[in-house]
Amino acid sequence: MDAADGKRRRVLVITERFWPEPNFITADVAERLAREADVTVVAPHPSYPRGRFYEGTRWWRPVRTVERGCTVWRVPFFPNQSLSSIRRAASYLSFALVAALTAPIVARDPDVVWVYHGPFTAGLAALWFRVVRRARLVITAADLWPESFTGAGVAPPGMLMRALHAYSRWINSFAHHIICSTEGTAHRYAADGMPADRLTVVPVWIPGVQDMTPDDAAAASTSHDVVYTGNLGPAQQLDTLLRAAVLLSRDVPSVQVHLYGSGVSEQELRNLAQELGATNVHFHGRVTADEAFHRASAAAVQVVSLRRSPAFRATVPSKLSQCFAAATPFVYGLEGEAAEVARKSGGGVPFDPDDPRSLAEAIRSILRLPHAE
């Protein structure tokens with residue numbers, strides 16, 4: 001990535017999710033870019049997914065580190081992962097504001113600014129470089145915003161959403177290029193007026209996949225473990241899984257449901273499991289990506305779901321890629337593009353994310369299959 005004058009290019013990365021938070025994509029790309037360019041990352045102190053700063057974090061001041069060949073600036077912000085639209089907006093805008101003030105100081109006239117839109121307010125911090133410094137601006141749309149607000153139950157349709165759609169079109173208009181994680185996202189941006197030559201679809205990928213060991217394969221052949229790994233939030237509608245677990249306990253008592261991960265709905269789900277008497281449901285909290293992958297690869301059935309919402313019909317959750325990589329059967333409560341990808345894989349059985357009976361029957365249908373199938 002040498003410039004025309006032979007000097008190394010300078011790349012600025014602005015992202016609200018960065019290692020050690022469970023977003024490996026920004027860290028992987030930044031590390032790869034650092035082999036050929038001078039990379040500066042501006043990100044908040046880690047707090048995702050629980051909305052609380054990690055233990056030992058000096059959250060009250062900017063901290064500079066060198067990680068994987070990149071200069072990383074961690075900045076203060078207001079963390080929040082609740083369902084309050086006001087607090088979530090304050091959280092997103094606090095990072096955008098602090099990053100907008102910090103980035104021009106710590107980044108030396110970058111040639112390229114890469115903004116990872118999760119959420120889409122992060123792009124505000126890049127406007128100085130795009131408008132004043134004339135840097136090239138590349139945006140990765142990991143999720144479809146602002147539709148994700150509606151899908152997660154944070155903001156209902158109405159005047160606010162119309163204003164956010166207008167903001168989305170405005171901020172995207174500054175981008176020289178937008179990388180979309182799904183075809184549906186690209187179609188929506190094209191409908192907004194973005195030229196096709198400024199849109200590229202790059203599906204979400206997952207960390208390096210290790211091969212299943214013989215022990216994992218043997219465990220998967222005899223296990224009746226149903227495994228969910230990932231965020232425990234309202235968008236995943238995991239209450240359906242808990243209610244299905246109760247139904248399964250009556251006729252397939254060997255089924256054990258394991259949830260690996262954390263999120264804003266974790267305590268609510270724990271309370272529901274206790275209320276339902278779901279003694280076959282086990283919460284393991286946040287684990288490493290390697291452990292989550294190992295558990296999924298030894299499962300009889302994996303689970304991936306999203307609540308029914310028009311907002312999610314154009315998205316493909318990264319959890320689906322993890323299901324494929326783990327190489328064990330899965331059940332999916334998905335719609336739109338994600339459901340079509342799951343169907344074409346041939347490795348899953350669909351269910352209605354609103355119907356515990358549908359999910360329980362999908363799990364039974366997999367457990368009835370011969371191992372080879």
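**View 1. Pairing of Val227 with His258 in the predicted model.** Val227 has His258 of strand 10 as its bridge partner. The two strands concerned, strand 9 (residues 225–229) and strand 10 (residues 256–260), run parallel and are joined by five bridges. The coordinates shown here and in the other views come from a predicted model.

**View 2. The six-stranded sheet and two helices packed on it.** The sheet is open, its strands pair in parallel, and their order is 11-10-9-12-13-14. Strand 11 (281–283) and strand 14 (348–350) form the edges, each pairing on one side only. From one strand to the next, the twist averages 25 degrees. Helix 11 (residues 318–326) packs on the sheet and touches strand 9, strand 12 (301–305) and strand 13 (330–333). The direction of helix 11 makes about 165 degrees with that of strand 12. Helix 12 (residues 336–345) also packs on the sheet, where it touches strand 13 and strand 14. Between the directions of helix 12 and strand 13 the angle is about 155 degrees.

**View 3. Buried residues of helix 8.** Helix 8 spans residues 239–251, and its buried residues include Leu241, Leu242, Ala244, Ala245 and Leu248. The buried residues of this helix pack against strand 9, strand 10, helix 9 (266–276), strand 11, strand 12 and helix 13 (356–367).

**View 4. Surroundings of Leu272.** Leu272 lies in helix 9. Its relative accessible area is 12%, under the 20% cut-off, so Leu272 counts as buried. Leaving aside residues up to four places away in sequence, Leu272 touches Asp239, Leu242 and Arg243. Asp239 is 33 residues away from Leu272 along the chain, yet their C-alpha atoms are separated by 7.6 Å.

**View 5. The largest nonpolar core, with a second core.** The largest nonpolar core has 38 residues, of which Leu12, Ile14, Val113, Val115, Ile178 and Tyr189 touch the most other members. Elements that each supply at least two residues include strand 1 (9–15), strand 5 (112–117) and helix 6 (183–191). Helix 2 gives the largest share, five residues. Beyond residues up to four places away in sequence, the contacts of Leu12 include Val42, Ala103, Val113, Trp114 and Phe129. A second, separate core of 31 residues includes Val226, Ala244, Leu247 and Val252.

**View 6. Confidence along the chain, and residues 211–215.** The chain has a mean pLDDT of 88, with 91% of its residues at 70 or more. For residues 211–215 the pLDDT is below 50, and this stretch has four contacts in the model beyond near neighbours in sequence. Predicted coordinates should not be read in detail where pLDDT is low.

Terms used. Residues are numbered from 1 along each chain as its sequence is written. This is a predicted model: local features need pLDDT of at least 70, side-chain atom pairs count only at pLDDT 80 or more; totals for chains, interfaces and linings use all residues. Side-chain values use heavy atoms; hydrogens and water are left out. Two strands pair if DSSP finds at least two bridges between them. Helices (H or I, at least four residues) and strands (E, at least two) are DSSP runs, numbered from the N terminus. Axes are lines fitted to C-alpha atoms, for helices over the stretch in contact, and angles run from 0 to 180 degrees between N-to-C directions. Contact means heavy atoms within 4.5 Å. Buried means under 20% relative accessible area, exposed over 50%, partly exposed in between (1.4 Å probe, protein chains only). pLDDT is the predictor's confidence in each residue, from 0 to 100. A nonpolar core is a set of buried Ala, Val, Leu, Ile, Met, Phe, Trp, Tyr and Cys residues joined through side-chain atoms within 4.5 Å.
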